[in-house]
Structures are given as structure tokens and as C-alpha cells.
Amino acid sequence: MGDNFGIHRGPSKKQTEQAEDRTQGQILSDFLTQLEDYTPTIPDSVTSYYLNSAGFEGADPRIVRLISIAAQKFISDVANDALQHCKTRTNSAPTSGHGSSKNQNQKSSKDRKYTLTMEDLQPALNDYGITVRKAHYFV
């Protein structure tokens with residue numbers, strides 16, 4: 001074939017034809033097969049309970065598993081956003097140390113354990129359109 005001098009020429013005609021031969025149905029079928037082997041963090045029974053309480057009767061366990069994975073992704077995204085808010089809040093807070101060096105601050109920030117609080121969770125949920133307010137007796 002020769003040297004192409006670092007120039008990417010794209011997929012060959014044979015590769016393109018093979019990709020076009022796989023229909024959307026085949027891709028979805030492969031995905032559903034992989035879905036049967038995956039165990040989400042949120043159990044299917046918990047997802048089924050909340051789906052049934054909302055009025056959804058999921059007879060197909062693959063649909064319930066797909067919703068479990070979507071819920072897991074959503075919770076993971078919210079928790080990650082809350083962690084980023086926590087890190088931003090703690091890094092912007094003034095430190096109360098006498099003569100602490102920069103290396104010591106970097107080491108302590110890597111070893112620091114963070115706690116999920118409503119102060120961090122509220123703006124993370126607000127990014128997703130969920131408004132959380134404290135009850136009037138906590139204010």
C-alpha cells in the first residue's frame with residue numbers, strides 16, 4: 001500500500017459496506033443482548049417498584065434494566081456535579097493555617113474526604129431543573 005505520510009484516508013469501501021449492512025435493528029438487538037448480562041447498581045426490583053407506583057407496568061425485564069441504567073447514570077451525574085461544587089466551595093474558602101506551604105495544601109487536598117451536603121447537592125440538582133428547598137422549620 002505504501003506510506004501515506006500520516007494522512008488518514010478514512011475507511012475503505014469494504015469497511016463502509018460492512019457497516020451499512022448492519023441495520024439499526026441488529027445494533028439494537030446486540031445492545032439488548034449485552035444489557036441482559038449487565039447488572040446495574042439499582043436493582044431491577046427497586047426500579048420495578050417505582051415504575052409500578054408511577055403507573056408503568058413493564059413486562060419486559062430488558063426495559064426495566066434499561067431504565068435502571070438510565071437512573072444510575074442520572075444519579076452518578078448529579079453526585080459528580082455535587083462533588084465538583086464541593087471542591088470549588090472548599091478550594092475558594094480561606095485556609096486557617098499558619099505558614100502552611102503550597103505542597104502541604106496540595107497533598108491535603110488529594111487526601112481529603114468530601115461529604116455530600118445539601119449545600120452542594122442543591123446547585124447540582126438545580127442544573128438539572130430540580131428545585132430543592134429546606135422546610136420552613138429548618139430555616
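## A tour of salt bridges, crossing helices and a nonpolar patch

Start by selecting Arg62, which is partly exposed, with a relative accessible area of 30%. Keep in mind as you look around that this is a predicted model. Now add Asp60: its side chain meets that of Arg62 in a salt bridge, at 3.2 Å from N to O. Asp60 is partly exposed too, because its relative accessible area is 26%, and the buried class takes in values under 20%.

**Next stop: Arg65 and Asp44.** How many salt bridges does a search of the whole structure find? There are five. For another of them, select Arg65 and Asp44, whose side chains meet with 2.7 Å between N and O. This pair ties together distant parts of the chain: Arg65 lies in helix H4 and Asp44 in helix H3 (residues 44–53), 21 residues apart. Is Arg65 buried or exposed? With a relative accessible area of 17%, Arg65 is buried. Asp44, at 22%, is partly exposed.

**Now show two helices.** Colour helix H4 (residues 61–92) and helix H6 (118–127). Two packed helices are described by the angle and the distance between their axes. Here the axes of H4 and H6 come within 8 Å and cross at roughly 130 degrees. That angle makes H4 oblique to H6. Turn the view to look along the crossing, which is right-handed.

**Stay with this pair of helices.** Select Glu119 and Arg89, and you will find their side chains in a salt bridge, 3.7 Å from N to O. Once more, distant parts of the chain are linked: Glu119 belongs to helix H6 and Arg89 to helix H4, with their positions 30 residues apart. Glu119 is exposed, at 52% relative accessible area, while Arg89 counts as partly exposed at 31%. Add Asp120 to the selection: salt bridges with shared partners join Arg89, Glu119 and Asp120 into one network.

**Last stop: a nonpolar patch.** Switch on the surface and select Phe74, Ile75, Tyr128 and Ile130. Together these residues make a nonpolar surface patch of about 340 Å². Where along the chain does Tyr128 sit? Look in the segment after helix H6, and there you will find Tyr128. Tyr128 counts as partly exposed, because its relative accessibility is 36%, and that class runs between 20% and 50%.

Conventions. Residues are numbered from 1 along each chain as its sequence is written. This is a predicted model: local features need pLDDT of at least 70, side-chain atom pairs count only at pLDDT 80 or more; totals for chains, interfaces and linings use all residues. Side-chain values use heavy atoms; hydrogens and water are left out. Patches are made of residues with over 30% relative accessible area and no salt bridge: like charges are joined within 9 Å, nonpolar side chains (Val, Leu, Ile, Met, Phe, Trp, Tyr) within 5 Å. Accessible areas come from the Shrake-Rupley method with a 1.4 Å probe; for residues, only the protein chains shown count as cover. A salt bridge is a side-chain nitrogen of Lys or Arg within 4 Å of a carboxyl oxygen of Asp or Glu. Helices (H or I, at least four residues) and strands (E, at least two) are DSSP runs, numbered from the N terminus. Buried means under 20% relative accessible area, exposed over 50%, partly exposed in between (1.4 Å probe, protein chains only). Axes are lines fitted to C-alpha atoms, for helices over the stretch in contact, and angles run from 0 to 180 degrees between N-to-C directions. Angles under 35 degrees count as roughly parallel, over 145 as roughly antiparallel, 65 to 115 as roughly perpendicular and the rest as oblique. A crossing is left-handed if the near helix is turned anticlockwise from the far one by less than a right angle, and right-handed if clockwise.
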